[in-house]
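Reader: I am new to reading protein structures. Could you walk me through this one, feature by feature?

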Amino acid sequence: MAVFSNPSFDSHEQVVFGADRSSGLRAIIAVHDTRLGAAVGGCRMYPYASEAEAIDDVLRLSRGMTYKSALAGLPLGGGKSVIIGDPTQHKSEALWQAMAKFIDSLGGRYVAAEDSGTSVADLRAMSQYTDHVSGFAATEHGGDPSPSTALGVFVGIRAALAHRLGASDFHGVRVAIQGLGHVGFSLAQMLKNAGAEVLASDINATNLARAVAELGVTPIASENILCEDVDVLAPCALGGALNADSIAVLRAGIVAGAANNQLRETADGGRLVDRGILYCPDFLINAGGIIDVHYQRSGLDRAGLTAHIESIGDRLAEVLQRADRCHRPTGEIAEELAEELLGATVPSGEQQLRSVA
Ligand code: NAD
């Protein structure tokens with residue numbers, strides 16, 4: 001349950017624990033970095049097996065948000081919140097009221113949006129009690145940022161195919177998608193429309209059957225999806241899909257998906273390089289959702305949203321070229337680039353203070 005000595009602790013500015021007796025709320029908010037702006041990031045609800053698991057998750061995810069927003073050129077910092085509980089059983093009006101008040105107590109340093117286990121309706125419920133929630137505006141998708149996330153991943157896959165294979169379109173390209181939820185289904189739709197062959201798995205039989213019936217994807221057993229003979233593997237389920245065991249059996253030349261924290265540990269980046277597999281950093285290509293949330297929150301013209309998401313392709317190309325030049329993991333290069341962008345915004349005196357803090 002340690003925080004400061006947790007391997008995922010990265011000089012987070014603030015980590016706050018919240019509980020409410022009557023609703024049963026037990027939650028953690030992690031504000032990683034606010035140099036670029038308020039810490040914006042999803043509110044995840046998950047039946048964590050232990051408090052240690054929840055702390056680790058919120059620390060890793062909030063750090064990823066800092067890098068994601070910096071690379072996406074957004075004036076936002078990085079933060080995340082987790083609610084320890086089963087989203088299929090433990091949601092209630094009282095829980096959202098308590099969580100909203102917890103978020104409100106940070107006075108806007110942290111702003112919540114959707115994440116695994118929370119929906120547009122949940123964010124809207126919280127908005128009755130705090131201004132510091134987002135992701136429920138009356139957009140073409142009712143505030144759901146997932147289609148924008150899928151678009152960013154699609155753009156990332158296109159840039160990776162151009163970089164690796166010199167391909168200018170999706171014809172003849174085979175993509176395997178792990179997870180057909182909010183993002184995975186939209187991504188499958190975009191890939192099919194672009195002419196790709198899509199293979200997919202989901203542990204939820206209903207989600208898989210829907211994608212087969214509506215999009216014509218080829219169903220694959222969950223235990224086989226990671227080792228299909230495809231050009232691109234797109235992990236769009238939960239984190240940790242890439243580890244020593246799975247990397248050893250991958251047959252895709254490119255990995256590019258939406259799931260946060262796809263690498264189980266830092267060394268997995270090196271394992272992918274050793275196998276000659278091009279990994280598109282998750283926190284770079286899954287930024288479409290946070291870009292969408294920023295447009296919703298700032299009331300920006302939605303006409304600019306698609307162009308902003310398309311810029312993910314240029315940023316990825318920059319990272320892939322740098323990584324090629326020094327033969328290093330793309331995730332490390334993307335983090336360095338994010339640090340450059342973050343450092344460039346801090347007055348030198350303040351930066352010195354942070355480095356000795
Ligand atoms: P979701 O919960 O709607 O969908 C996840 C899907 O994966 C579900 O259908 C689930 O049944 C399936 N799944 C779970 N474990 C699986 C397994 N082992 N094999 C195959 N399928 C499995 O989530 P989502 O909103 O689509 O997000 C997907 C991932 O992308 C998550 O990791 C999320 O954190 C990340 N992400 C989402 C967004 C967004 O805008 N929704 C933004 C950034 C990152």
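Reader: Let me begin with a single residue in a strand. Which residue in β2 is the bridge partner of Phe17?

Author: Here is the general idea: strands of a sheet pair through backbone hydrogen bonds, either parallel or antiparallel. In this predicted model, Phe17 has Ile28 of β2 as its bridge partner. That pair belongs with a wider pattern: β1 and β2 (residues 25-33) run antiparallel and are joined by seven bridges.

Reader: How many strands form the sheet, and in what order?

Author: Five strands make up an open sheet, and reading across, the order is β1-β2-β4-β3-β5, with mixed pairing. At the edges sit β1 (14-20) and β5 (110-113), each of which pairs on one side only. On average, neighbouring strands here are turned by 25 degrees against each other, direction ignored.

Reader: You said the pairing is mixed. In which sense do β3 and β4 pair?

Author: They pair in the parallel sense, over six bridges. For one example, look at Ala39, whose bridge partner in β4 is Gly77.

Reader: Is β3 largely enclosed or open to the outside?

Author: A residue counts as buried when its relative accessible area is under 20%. In β3, seven of the eight residues are buried, so the strand is largely enclosed by the rest of the structure.

Reader: Which helix lies across these strands?

Author: Look for α2, residues 93-104. This helix lies across β1, β2, β3 (39-46), β4 (77-84) and β5, and runs at about 30 degrees to β2.

Reader: Now a residue outside the strands. Is Asn6 buried or exposed?

Author: Use that same cut-off of under 20% for buried. Asn6 has a relative accessible area of 12%, so Asn6 is buried. You will find Asn6 in the segment before β1. Leaving aside neighbours within four places in sequence, Asn6 is in contact with Ile55, Asp56 and Leu59.

Reader: Let us turn to the ligand. How many residues surround the ligand?

Author: There are 23 around the ligand, and the closest are Thr149, His182, Asp202, Asn207 and Ala237. Then check the distances between polar atoms. An N or O atom in the side chain of His182 is 2.7 Å from an oxygen atom of the ligand. For Asn260, a polar side-chain atom lies 3.1 Å from a ligand oxygen atom. With Ala258, a backbone N or O atom lies 3.3 Å from an oxygen atom of the ligand.

Reader: And how much of the ligand does the protein bury?

Author: Taken alone, the ligand exposes 830 Å², and the protein buries 80% of that.

Notes
Residues are numbered from 1 along each chain as its sequence is written. This is a predicted model: local features need pLDDT of at least 70, side-chain atom pairs count only at pLDDT 80 or more; totals for chains, interfaces and linings use all residues. Side-chain values use heavy atoms; hydrogens and water are left out. Two strands pair if DSSP finds at least two bridges between them. Helices (H or I, at least four residues) and strands (E, at least two) are DSSP runs, numbered from the N terminus. Axes are lines fitted to C-alpha atoms, for helices over the stretch in contact, and angles run from 0 to 180 degrees between N-to-C directions. Contact means heavy atoms within 4.5 Å. A residue is near a molecule or strand if one of its heavy atoms lies within 4 Å of it. A polar contact is a pair of N or O atoms within 3.5 Å; within protein, one must be able to donate a hydrogen and the other to accept it, and residues adjacent in sequence count only if both atoms are side-chain atoms. Accessible areas come from the Shrake-Rupley method with a 1.4 Å probe; for residues, only the protein chains shown count as cover. Buried means under 20% relative accessible area, exposed over 50%, partly exposed in between (1.4 Å probe, protein chains only).
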